[in-house]
Amino acid sequence: MDTPVVGRRSFVVASVGAALALGAGTHAHAGGRPPFGRYGSPSARLTERTLYVHPGGLGDHTTVQAAVTAAGGSGYTLVIAPGTYRETVAVSVAHTGMTWIGASGDARDVVVVYDNAAGTPKPGGGTYGTTGSATTLVQADGFTARDVTFANDWLRADHPGISGTQAVALKVQGDRSAFERCRFLGHQDTLYADSMTLGTYPRQYFRDCYAEGDVDFVFGRATAVFERCHFRTLIRTDLTGAPYGFVFAPSTAVANPRGYLVTGSRVTSEAPDGYYKLARPWVPSSDTTARPMLTVRETRLGAGIDAVAPYTTMSSGYPWQDQRFAEYRNTGPGALITVPENRPQLTSDDAESHTREAYLGDWRPYECP
């Protein structure tokens with residue numbers, strides 16, 4: 001197995017200490033670093049549409065949702081001080097062009113986290129379902145986040161009576177959604193890169209991000225590019241054998257020519273060698289015509305990935321071989337081609353149409369500073 005890193009639950013707990021060290025408390029900032037770093041303050045705003053979030057009351061708002069609600073139009077920036085914000089947050093379609101900035105420049109210091117799962121009972125009856133479990137829901141176009149952790153710390157072991165174990169950290173549905181140096185922490189269904197409707201194909205871009213989980217922890221029907229990202233598969237104590245889970249589960253609409261693209265990235269694991277599949281296709285009941293699409297190129301696949309059979313079928317009648325799965329020039333023990341028919345490869349000519357430029361079109365977030 002690969003070199004271990006800090007796990008999700010311990011990571012969230014550690015973030016609390018990091019935030020306090022950086023002065024997130026009401027009085028701890030005295031003589032230390034400014035709570036909003038180089039991004040101004042309520043008394044020295046960068047722009048009139050900059051709002052400051054601080055858990056100890058040194059900003060405009062103490063919660064992220066309060067700041068989102070207060071943003072009365074397009075183009076607002078939220079500067080979020082170090083801290084652990086235990087809340088759910090929804091960014092509606094009206095909040096276009098919103099930007100979240102983690103003030104310290106390190107996603108470990110700014111954590112938005114909650115612990116709903118699909119099977120968690122709702123106060124008014126019923127359960128939350130997968131979408132309702134999301135700690136953060138982003139539906140607005142033009143959303144950007146930098147240096148923020150999105151987490152869902154619901155754990156199966158703590159809730160043995162709940163069968164709906166999907167627990168989303170972030171669901172993003174808007175077009176031109178960009179995430180840079182962000183962290184996505186969860187177990188099942190961590191990062192839901194999706195669209196608002198079947199007929200829309202939002203473009204989403206993730207650069208230098210980290211995502212961890214076990215079952216389908218990057219999934220949905222968006223057109224999404226993951227560049228220089230790190231995907232980490234987790235150990236499972238509730239299972240005794242392989243497979244533990246699946247990294248990707250795209251549900252791309254059949255009419256969409258662009259699904260998920262993973263480029264220049266890496267996949268590591270804290271689980272035994274070969275205990276994870278790279279992907280399986282999700283053909284949901286709401287769109288039985290879906291033809292999931294995933295291209296993984298020039299990416300290092302660690303030993304945690306089953307190199308012999310890296311793909312598997314999720315639903316009978318929709319075999320993975322009939323979907324749009326492909327690889328190109330991957331490296332690492334999980335990329336070894338031992339059974340060629342199980343590892344569909346792009347030709348060099350095919351690879352020219354599987355680039356960030358081809359997937360994102362006239363939107364170029366990768367050129368932004």
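**Exercise 1. Determine which residue of β24 stands opposite Arg266, and place the strands concerned in their sheet.**

*Solution.* Step 1. In this predicted model, the residue of β24 facing Arg266 is Arg300.

Step 2. Arg266 belongs to β21, which spans residues 266-269 and pairs with β24 in the parallel sense over two bridges. In general, the strands of a sheet pair through backbone hydrogen bonds, in either a parallel or an antiparallel manner.

Step 3. The wider context is an open sheet of eight strands with parallel pairing, ordered β3-β6-β9-β12-β15-β18-β21-β24. Its edges are formed by β3 (83-86) and β24 (300-301), each of which pairs on one side only.

**Exercise 2. Characterise the second largest pocket: state its volume, the residues nearest its centre, and the make-up of its lining.**

*Solution.* Step 1. The volume of this second largest pocket is about 170 Å³.

Step 2. Twelve residues line the pocket, and those nearest its centre are Thr144, Arg146, Ala178, Pro365 and Cys368.

Step 3. Three strands, β8 (144-146), β11 (177-180) and β14 (203-207), each supply at least two residues of the lining. The largest share, three residues, is contributed by β11.

Step 4. By class, the lining comprises seven nonpolar, one polar and four charged residues.

**Exercise 3. Arg181 has a positive phi. Establish where Arg181 lies and whether it counts as buried, partly exposed or exposed.**

*Solution.* Step 1. The phi of Arg181 is near 55°, although the residue is not a glycine. Most residues other than glycine have a negative phi.

Step 2. Arg181 is located in the loop between β11 and β12 (183-185).

Step 3. Its relative accessibility is 36%. Partly exposed residues fall between the limits of 20% and 50%, so Arg181 counts as partly exposed.

**Exercise 4. Carry out the corresponding analysis for Asp216, giving its phi, its element and its accessibility class.**

*Solution.* Step 1. Asp216, likewise not a glycine, has a positive phi of about 45°.

Step 2. The residue is found in strand β16, which covers residues 215-220.

Step 3. Asp216 has 8% relative accessibility. Buried means under 20%; therefore Asp216 counts as buried.

**Exercise 5. Describe the geometry of the peptide bond from Ala242 to Pro243 and locate Pro243.**

*Solution.* Step 1. The bond has an omega near -5° and is cis. Most peptide bonds are trans.

Step 2. Pro243 sits in the loop between β18 (230-233) and β19 (245-250). Strand β18 also takes part in the open sheet of Exercise 1.

Key
Residues are numbered from 1 along each chain as its sequence is written. This is a predicted model: local features need pLDDT of at least 70, side-chain atom pairs count only at pLDDT 80 or more; totals for chains, interfaces and linings use all residues. Side-chain values use heavy atoms; hydrogens and water are left out. Two strands pair if DSSP finds at least two bridges between them. Helices (H or I, at least four residues) and strands (E, at least two) are DSSP runs, numbered from the N terminus. On a 1 Å grid over the protein atoms alone, a cavity is a set of points where a 1.4 Å probe fits but cannot get out, and a pocket is an open set with protein on both sides within 12 Å along at least five of seven lines; lining residues have an atom within 4 Å of a point. Grid points are joined across faces, edges and corners, and a volume is the space filled by probe spheres set on the points. Ala, Val, Leu, Ile, Met, Phe, Trp, Tyr, Cys and Pro count as nonpolar, Asp, Glu, Lys and Arg as charged, and the others, Gly among them, as polar. Buried means under 20% relative accessible area, exposed over 50%, partly exposed in between (1.4 Å probe, protein chains only).
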